[in-house]
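Colleague: Please choose a single part of this model and look at it closely with me, step by step. I am in my first year, so I would like each term explained once, followed by a walk outward from that part into its surroundings.

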Amino acid sequence: MTTTHIPSTETLESFRQEIDQIRDETMAKVGQEDANHIRKIVRIQRAMEMGGRLVMIAGFYHWIWWVVGVVMLGLAKIINNMEIGHNVMHGQYDFMNDPHLNSRDFDWDGICDGESWRRTHNFEHHTYTNIIGKDRDFGYDTMRLSDDVKWKNHYRWQPLRMLILTLMFEWAVAYHELFGERIFVGKRRPEGKLPISHAQLIKDFFAKIRKGVFRDYLFYPAIVGLFLGWPMFGAIVLGNFFANMIRNMWASTIIFCGHFTEDVHTFSEEECENESRGQFYYRQILGSSNLEGSKLLHIMSGHLSRQVEHHLFPDMPSYRYNEVAEKVRNVCRKHNIPYNTGTLWGQYSTVVYRVFKYSKPPKKQDGFANA
Ligand SMILES: [Zn+2]
């Protein structure tokens, strides 16, 4: 869906002023409360991860403990990636000067290299949100979600691709930058556009995979196997695999709901040339969608349930997003700017609808037809 009614310059300027005011007032309050929040989440996450790994071992006595351990570890991995990893790596908690919770040094659980994520997500996706051809997160280079993307025969299979992306999300995210640079398949992009060389990119990619695979599929299973026998080695390998799968399914669901819902707009490069700050905010809002729900949903989604607010203020501590959401919504209402929100299942069903809708060839292929 391309944008058709860009508000007047005066409206966008008044809108910008009010959004900036929300930002300034909120950032002035950031401090101890936010630090307490993230430290508490880190304590819970560590306890759940350690607990999950230990409870899984008790599966030696009864299989039910294995199941409980897998779920606990899966939830711990979700919290590590979402409420802690994504937000800390954005620099939201840099003000704490904590050696472990800062955007330069933090690295998350999983097989995606943190530096690669910072380049593709923090910079590319947050700057060029939903600009077709510039934001590689829109459809992840594998799904067609708008008529602005030329239809090709292979898009017929995109519901299946969505399923594979859901199950293997961390692998897709890890490979995202290398795919874009055509490192292994296709004609390589010229070096020089990236701050690092292709050789370093490949080295970092495999180093992080080795680390993640070693820990979940060799180190922990081997320790348990040594004491409790080799069938338990297999049980821990399988348990860690399912815990990673739980994380992948949840993380992808939340991310799809943030940018691929039915009413999320896309933009052309021409539309965004010489974009004013007000226009930038307007694009961030139209390119994102929110989820309504409990405090638990907000924490488990890393507050990406407040995707609109996250895109307006990516370096604001996530703890503040609920507080600013109502204010942002009121400013949007006042300026007649759409604010996309709904329940998790309501939003997710529109994502599925959109994936199916654009998997079919358009009625007429004339380049920039509106959705
Ligand atoms: Zn982000």
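**A close look at α6**

Modeller: The buried residues of α6 are covered by elements that include α4, α5 (158-167), α7 (198-228) and α8. (A contact between two residues means C-beta atoms, placed from the backbone, within 7 Å; helices are DSSP runs of H or I with at least four residues, strands runs of E with at least two, numbered from the N terminus.) Please keep in mind that this is a predicted model, in which local features need pLDDT of at least 70 and side-chain atom pairs count only at pLDDT 80 or more, while totals for chains, interfaces and linings use all residues. Residues are numbered from 1 along each chain as its sequence is written.

The residues of α6 that are buried are Phe169, Glu170, Ala172, Val173, Ala174, His176 and Glu177. (Buried means 20 or more other C-beta atoms within 10 Å of a residue's own, exposed 12 or fewer, partly exposed in between.) As for its length, α6 has 12 residues that should span 16 Å at 1.5 Å a residue, and the distance of 16 Å between its end C-alpha atoms agrees with this. (The expected span is 1.5 Å times one less than the number of residues.) Immediately after α6 comes Arg182, which has a positive phi of about 55°. That is worth noticing, because most residues other than glycine have a negative phi.

Let us now turn to one of the covering helices, α4 (114-127). The axes of α4 and α6 (residues 169-180) approach within 10 Å and cross at roughly 70°, so α4 is roughly perpendicular to α6. (Axes are lines fitted to C-alpha atoms, for helices over the stretch in contact, with angles from 0 to 180 degrees between N-to-C directions; under 35 is roughly parallel, over 145 roughly antiparallel, 65 to 115 roughly perpendicular, the rest oblique.) On the α4 side the contact is made by Ser116, Trp117, Arg119 and Thr120, and on the α6 side by Val173, His176 and Glu177. Sorted by class, these residues of the contact of α4 with α6 are two nonpolar, three polar and two charged. (Nonpolar are Ala, Val, Leu, Ile, Met, Phe, Trp, Tyr, Cys and Pro; charged are Asp, Glu, Lys and Arg; the others, Gly among them, are polar.) Val173, His176 and Glu177, which α6 brings to this contact, also appear among its buried residues.

If we step back along the chain from α4, we come to the loop between α3 (63-89) and α4, and this loop holds Asn97. Asn97 has a phi near 50°, a positive value in a residue other than glycine, and it is exposed, with 9 other C-beta atoms within 10 Å. Gly91, which follows α3, has a positive phi as well, near 90°. The helix α3 itself has 27 residues and reaches 37 Å from its first C-alpha to its last, which is close to the 39 Å expected at 1.5 Å a residue. It is mostly covered, since 21 of the 27 residues of α3 are buried.

Another helix that helps to cover α6 is α8, and Met232 lies in it. Met232 counts as buried, with 21 C-beta neighbours inside 10 Å. When residues up to four places away in sequence are left out, Met232 touches Phe60, Val224 and Gly225. Of these, Phe60 is 172 residues from Met232 along the chain, yet their C-alpha atoms are separated by 7.1 Å.

Helix α8 (residues 230-259) also meets helix α13 (residues 344-357), and their axes come within 9 Å and cross at roughly 75°. The two helices, α8 and α13, are therefore roughly perpendicular to each other. Here Thr253, Phe256 and Cys257 in α8 meet Leu344, Gln347, Tyr348 and Val351 in α13. The contact of α8 with α13 involves five nonpolar residues, two polar and no charged.

Beyond α8, the loop between α8 and α9 contains Glu275, which counts as partly exposed, with 15 C-beta neighbours inside 10 Å. Glu275 and Phe241 are 34 residues apart in sequence, but 45 Å apart in space, C-alpha to C-alpha. In helix α9 (residues 277-286) we find Gly278, which is buried, with 22 other C-beta atoms within 10 Å. Gly278 and Glu13 are 265 residues apart in sequence, and their C-alpha atoms are 5.6 Å apart in space.
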